[in-house]
Amino acid sequence: MNRMMAIVEREMRKFFRSPALMMVSMTLPLVQLLILGHAFGGKIRNARMGVVDYDHGSQSLKIHEAFDAIAANIRTFTTVPYTNEVQAREDVRTGKIDAAVIIPKQYSRRVLAGDSPNIGLVVDNTDQVMSDSLEAEMQSLVDALNAPIIQPLVVKQVVLKIVELYPYVEYMKYLLAGSISLAMYVAVMIGGGMLYIDDKARGVHEGYLVTPITRLELVMGLNLAGSIKAILSGICLTVIGSLFAGIGAIFNPMALLQLSLLIVATSVAFNGMMFLMMVRVEDPLVPRAMFGVLNTLLFFPSGAISPVSGLPPWLRAIADVDPFTYAVHGFKAILLKDGGFTAIYPDILFLFAFGIGALLIATPLFKRTL
């Protein structure tokens, strides 16, 4: 035990003497959280909607009033008046406006007569996010126009009532679980995999060979040090990221305990995985070349960016054995849902089993020779 702890002490001293290395391991996930959290997943604001009104009647006035209410409240779009449908279409095509609404002639008369009135919406569907948002907003407006002023006593249509268990979750909050997992992965990759290979290349491990340290003690010492680095990185980004995203789970003692346990399990899984991949590597350039490939292969199918259920079958197969998937699911269950230990214990079991299994396979592969 003393020999193993000596290895841990040596690794941690080297880690703390390089504050730049500690900062680099958290910079990428933190920048990703701030930039992607604000750049994606937000609601559309202040889009430009052209309005061509050929009717100018009492019912088209209701549409204009609804547009003014949208511009003043949720601000999804502001209106730009047009007199010519052709010009409005051309401006949508060239990007001067984002969409155009066409109110046809005789619209008010057809509404009052119940003669299948219609409204046209021209969208630039090359930007699917923008067009979907504007279509959804216009559909809500049309549904409100179709609603009767006096509700009938007998319901004639089926109405879907949506019950939301949680308040609106901003994309930055949704992304936080993936950013924490990514920070721990980067800490293991830089502070574990790359440093381990660099030490071998510089001859540091030759010094271990003249000591009575056994292969198991050497493996466990290196992995314990790597796990501690990942735990420190995970704790730092959990606290900083939660404050940035406005999540109050870190002020809940029970949630903190669950987060701590999940961080430990994730660090064990990531470190075991990394040590297994690097145990027979000799070239220091290999982990640097693998960094981007592993990041793409493990991070994006994990559900950190988009739901796993939307992946094709072959990518789902990767997600099923990816420790990132279980770490992201666990962090979301605590930070976003307050799901408790019941929601995360399968993730914790998998992460511990994955990490310990990887170490058991890597130990006999480790060469205690030059």
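This is a short tour of the structure, with something to select at each stop.

**The whole protein**

Start with everything shown, and keep in mind that this is a predicted model. Colour by secondary structure and look for 14 helices and four strands. Now switch on the surface: the accessible area comes to about 19900 Å², and carbon and sulfur atoms account for 64% of that. What share of the 370 residues is buried? The answer is 43%. Among the contacts with a separation of 6 or more, 80% link residues that are 24 or more positions apart.

**Stop one: Ser-131**

Select residues 128–146 to show helix H6, and find Ser-131 in it. Is Ser-131 buried or exposed? Its relative accessibility is 1%, and buried means under 20%, so Ser-131 counts as buried. Next, add Val-123, Asp-124 and Asn-125 to your selection; Ser-131 touches these residues, leaving aside those up to four places away in sequence. Then pick Ala-99 too. Ala-99 and Ser-131 are 32 residues apart in sequence, while their C-alpha atoms are 7.8 Å apart in space.

**Stop two: helices H10 and H11**

Before you look at pairs of helices, here is a handy idea: two packed helices are described by the angle between their axes and the distance between those axes.

Select residues 253–278 for H10 and residues 285–299 for H11. These helices pack at an angle of about 135 degrees, and their axes are 13 Å apart. H10 and H11 are therefore oblique to each other. The crossing of H10 past H11 is right-handed. To see where they meet, show side chains for Met-273, Met-277 and Met-278 on H10, then Pro-287, Met-290, Leu-294 and Leu-298 on H11. How many of the residues in this contact are nonpolar? There are seven nonpolar residues, with no polar and no charged ones.

**Stop three: helices H13 and H14**

Move on to residues 323–335, which form H13, and residues 341–365, which form H14. Here the axes come within 9 Å and cross at roughly 150 degrees. That angle makes H13 roughly antiparallel to H14. H13 passes H14 in a left-handed crossing.

Show the side of H13 that meets H14: Pro-323, Tyr-326, Ala-327, His-329, Gly-330, Ala-333 and Ile-334. On H14, select Ala-343, Ile-344, Asp-347, Phe-350, Leu-351 and Phe-354. Sorted by class, this contact has ten nonpolar residues, two polar and one charged.

Technical notes:
Residues numbered from 1 in each chain as written. Predicted model: local features only at pLDDT ≥ 70, side-chain atom pairs only at ≥ 80, totals over all residues. Heavy atoms only, no water. Axes fitted to C-alpha atoms, helices over the stretch in contact; angles between N-to-C directions. Helix = DSSP H or I, 4+ residues; strand = E, 2+ residues; numbered from the N terminus. Parallel < 35°, antiparallel > 145°, perpendicular 65-115°, else oblique. Left-handed = near helix turned anticlockwise from the far one by under 90°. Contact = heavy atoms within 4.5 Å. Nonpolar A, V, L, I, M, F, W, Y, C, P; charged D, E, K, R; others polar. Buried < 20%, exposed > 50% of the residue type's maximum accessible area, 1.4 Å probe, protein only. Areas by Shrake-Rupley, 256 points an atom, 1.4 Å probe, with all protein chains shown as cover.
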